[in-house]
Amino acid sequence: MSQEKIVQTAGRDQLGEFAPKFAELNDDVLFGEIWSRTDKLGLRDRSLVTITSLISQGITDNSLIFHLQSAKKNGISRTEIAEIITHIGFYAGWPKAWAAFNLAKKVWAEDSIGDEAKAAFQREMIFPIGEPNTAYARYFIGNSYLAPISQEQVNISNVTFEPRCRNNWHIHKATKGGGQMLIGVAGQGWYQEEGKPAVKILPGTVVHIPANVKHWHGAAADSWFAHLAFEIPGENASNEWLEPVTDEQYDKLQK
Ligand code: MN
């Protein structure tokens, strides 16, 4: 591994005037020399050692946040940081692990959305995620994606929801027949009919939605979700889109 010069300006930015020597030691020696000796020990390992040292001392201020963010940039995954802090908890103390987890959760939170998470979700699913669901975006909270699966005999689409994404309350109207059928494909989601408790949709779960019933469907808070949506043929079929599922309604489900 070749040596990689780390450029750090936090010392000079925050203490350059008040404590110029400390700023210089921080930026030029600690980061410029020690952290930069990547031919001796890589950045990922240095991050691991640093966060372990900070948490062990109970330092859970901005410096730990900075080092957790660096650890993430240096390749420590969400699963690994959870394992690392659990391990530290036994040696350094339980409350210190709790304090560190509260910060780590926020730093790694973005990992659940974004391109990387979307690509990971695609790898666990046989149907395509498809394209951003722009045509119906105004009836959804959060980002959803649509892939047409069948456009003959029965219309079937694969609908993918990022974590927390859900559609508004809506009704599939028809004077005869009609309605919608959902089959969970990957991840975890919710289906709720008005006046009834929400039910979880897992891969393979089949949901029959009669025509003219007010309902919504979407992802769980901590999981991507995809379901196939079957459009059941009916007479005078149309969709009526209603109010959004508020955060207050949605957050109650997770408990
Ligand atoms: Mn529906």
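What radius of gyration does the protein have, and what would a compact globule of 255 residues have? In this predicted model, the protein has a radius of gyration of 25 Å. A compact globule of 255 residues would have one near 18 Å. The C-alpha trace can also be described along its principal axes, where the spans are about 80 × 35 × 35 Å.

The secondary structure consists of eight helices and 15 strands. Burial was assessed over the whole protein, and 40% of its 255 residues count as buried. The accessible surface amounts to about 14800 Å². Carbon and sulfur atoms contribute 55% of that surface. Contacts were examined between residues at least 6 apart in sequence. Of these, 69% join residues at least 24 apart. The protein carries 25 positive and 30 negative charges. The mean positions of the two sets lie 3 Å apart.

A manganese ion is present in the model, coordinated by five residues: His170, His172, Gln180, His215 and His217. The histidines each donate through NE2, and Gln180 through OE1. Coordination distances run from 2.1 to 2.3 Å. The donor spacing in sequence is H-x1-H-x7-Q-x34-H-x1-H. Two of the donors, His170 and Gln180, are ten residues apart and link distant parts of the chain. His170 belongs to strand S6 (residues 170-173). Gln180 belongs to strand S8 (residues 180-187). Both His170 and Gln180 are buried.

Individual positions illustrate a range of environments. Ile201 sits in strand S10, which covers residues 199-201. Its relative accessibility is 0%, so Ile201 counts as buried. Beyond residues up to four places away in sequence, Ile201 touches Leu182, Gly184, Gly187, Gln188, Gly189, Trp190, Tyr191, Val207 and Phe225. Val185 is 16 residues from Ile201 in sequence. The C-alpha to C-alpha distance between Ile201 and Val185 is 9.0 Å.

Ser144 is placed in strand S3 (residues 144-150). Ser144 counts as buried because its relative accessible area, 7%, falls under the 20% cut-off. With neighbours within four places in sequence set aside, the contacts of Ser144 are Glu131, Pro132, Asn133, Thr160 and Cys165.

Gln69 and Thr134 were examined in the same way. Gln69 lies in helix H4, residues 62-73. Its relative accessibility is 39%, so Gln69 counts as partly exposed, between the cut-offs of 20% and 50%. Ser47 is 22 residues away from Gln69 along the chain. The C-alpha atoms of Gln69 and Ser47 are separated by 9.5 Å.

Thr134 is found in the loop between strand S1 (131-132) and strand S2 (140-141). Thr134 counts as exposed because its relative accessible area of 64% is over 50%. Glu116 is 18 residues from Thr134 along the chain. The C-alpha atoms of Thr134 and Glu116 are separated by 21 Å.

Key
Residues numbered from 1 in each chain as written. Predicted model: local features only at pLDDT ≥ 70, side-chain atom pairs only at ≥ 80, totals over all residues. Heavy atoms only, no water. Donors = N, O, S within 2.8 Å, 3.2 Å for Na, K, Ca; no water. Helix = DSSP H or I, 4+ residues; strand = E, 2+ residues; numbered from the N terminus. Buried < 20%, exposed > 50% of the residue type's maximum accessible area, 1.4 Å probe, protein only. Rg over C-alpha atoms; globule rule 2.2 N^0.38 Å. Contact = heavy atoms within 4.5 Å. Areas by Shrake-Rupley, 256 points an atom, 1.4 Å probe, with all protein chains shown as cover. Lys, Arg positive; Asp, Glu negative; His and termini not counted. Charge placed at Lys NZ, Arg CZ, Asp CG, Glu CD.
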